[in-house]
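Open the model in your viewer and keep the selection panel handy. We will take in the whole chain and then visit a few helices.

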Amino acid sequence: MVFKLKILVTNMSDKAKNYNFTSVDWGPDEAKGDTRLLDYFFLFPDFESVRDGSYRYVIGRKGSGKTAIIERIRLEKEDDPLNFYSSLSLRSFPVQEFRDLKDKNYRDKSQFVSAWLLLLYVELAKIIVQDNGAEPRDTIEEIAGFLQINGLSGSTGFTNTVSTLRKSENKLKISAKWIEGESLSGTHVQSQATIHYQKVVDILSKKIKSVGSSSEYWIFMDELDEGYRAGDQGLRLILLALLRAVEDSAIELKNSNFKYRPLLVLRSDIFDRLEDNDLNKLDDHVLRLNWRAMDNDSVFSLRKIVDERIKASIPDIDGDPWQAIANDVDAELPNSVSSLWSYLANRTHERPRDIIKFLKYCKKRQGKVC
């Protein structure tokens, strides 16, 4: 470690003498909450297909930038009045309570699909109610009424819905009009029915599908590895059911008059252990992040991530950003090493997070005796 730091931080090329390695803001270790992603996020070619909804599953190793993709999109949409979003994380999700919602008529992932679909549709319903441009207004008011009578109004959140279902013994109240149709539309007193949540799924999806809006409705799903242990059959089924529910909801709302944008990110080691015949149906919508350290022409070149962060801190940089701040052919490099970049990359396992952490540590050591 002492040797490689000495190479990294003390030997700058003549070309780089007008640029300062320490002036580069490499960003925080954690992408979540990193507002500077608007400045230095590398817009790799496939990112546009994530943004337009063509890809709705992003799979990659830990530290490969999955959360950064969500954060970049969230930041882009944050101040746009035509964009709304909600987030799911298993970090604070009541997994055990969710397990109790299972449909006992099934033994495989199907026992959890209806529960996930309800949670997704409830989040969409909350978003729709916030959208002043959504129409028709009488349908929006009906959806708002459904949320209110079930205690689901207010802040978006999957956890609240799970807790509400458990307290109500897996049942929800709906307007009898939703079951019996327009025959009740002229009654003065609107009656209600209490039914099992599984029966609400199709009814609520139809109401949502009848909504029109120019807005985009995003549901971000991240941190799904929280509490995950290889061999946990229960959590495996829950994740498989979530994938199925996301796909079912996307297909159901494909021709709706608003843009539904579910985006789920998951570690590749977990995804690759999920064995299910339905997974190959997702292929057209799956993006795998496969970063390459030594192929600068690759779509997923790690060098381009580093270059974007250098350029964000030194806007007037001339030529190759990395070459401008580092001596890539340092004489002190071991004979077996072709460049400073390869020396660094070989010790960071081709993961963006590792590369950035290494460079941040070098920045701290700049000018110190190593």
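With the whole chain selected, look at how its contacts (heavy atoms within 4.5 Å) are spread: residues 24 or more positions apart account for 75% of those with a separation of 6 or more. A word on what you are viewing: this is a predicted model, where local features need pLDDT of at least 70, side-chain atom pairs count only at pLDDT 80 or more, and totals for chains, interfaces and linings use all residues. Residues are numbered from 1 along each chain as its sequence is written, and side-chain values use heavy atoms, with hydrogens and water left out.

Stay zoomed out for a moment. The C-alpha trace spans about 85 × 45 × 35 Å along its principal axes. Switch to cartoon and you will find 16 helices and seven strands; these are DSSP runs, numbered from the N terminus, with helices being H or I of at least four residues and strands E of at least two. Of the 370 residues, 53% are buried, meaning under 20% relative accessible area with a 1.4 Å probe, protein chains only.

Next, select residues 110-130 and 197-209. These are helices α6 and α10, packed at an angle of about 40° with axes 9 Å apart. Axes here are lines fitted to C-alpha atoms over the stretch in contact, and angles run from 0 to 180 degrees between N-to-C directions. The angle makes α6 oblique to α10, a label for whatever is left after under 35 degrees (roughly parallel), over 145 (roughly antiparallel) and 65 to 115 (roughly perpendicular). Show side chains: L117, Y121 and I128 are among the α6 residues that meet α10, whose partners include V200, L204 and I208.

Keep α10 alone on screen. Its 13 residues reach 18 Å from first C-alpha to last, close to the 18 Å expected at 1.5 Å a residue, where the expected span is 1.5 Å times one less than the number of residues. Among its buried residues are I203, S205 and K207.

Now pick residues 233-252, helix α11. This helix has 20 residues and reaches 28 Å, close to the 28 Å expected. Since 16 of the 20 residues are buried, α11 is largely enclosed by the rest of the structure.

Last stop: residues 302-313 and 352-365. Helices α13 and α16 pack at about 45°, their axes 10 Å apart. That makes α13 oblique to α16. Select L302, I305, V306 and R309 on α13, then P352, I355, I356 and L359 on α16, to display the contact.

Key:
Buried means under 20% relative accessible area, exposed over 50%, partly exposed in between (1.4 Å probe, protein chains only).
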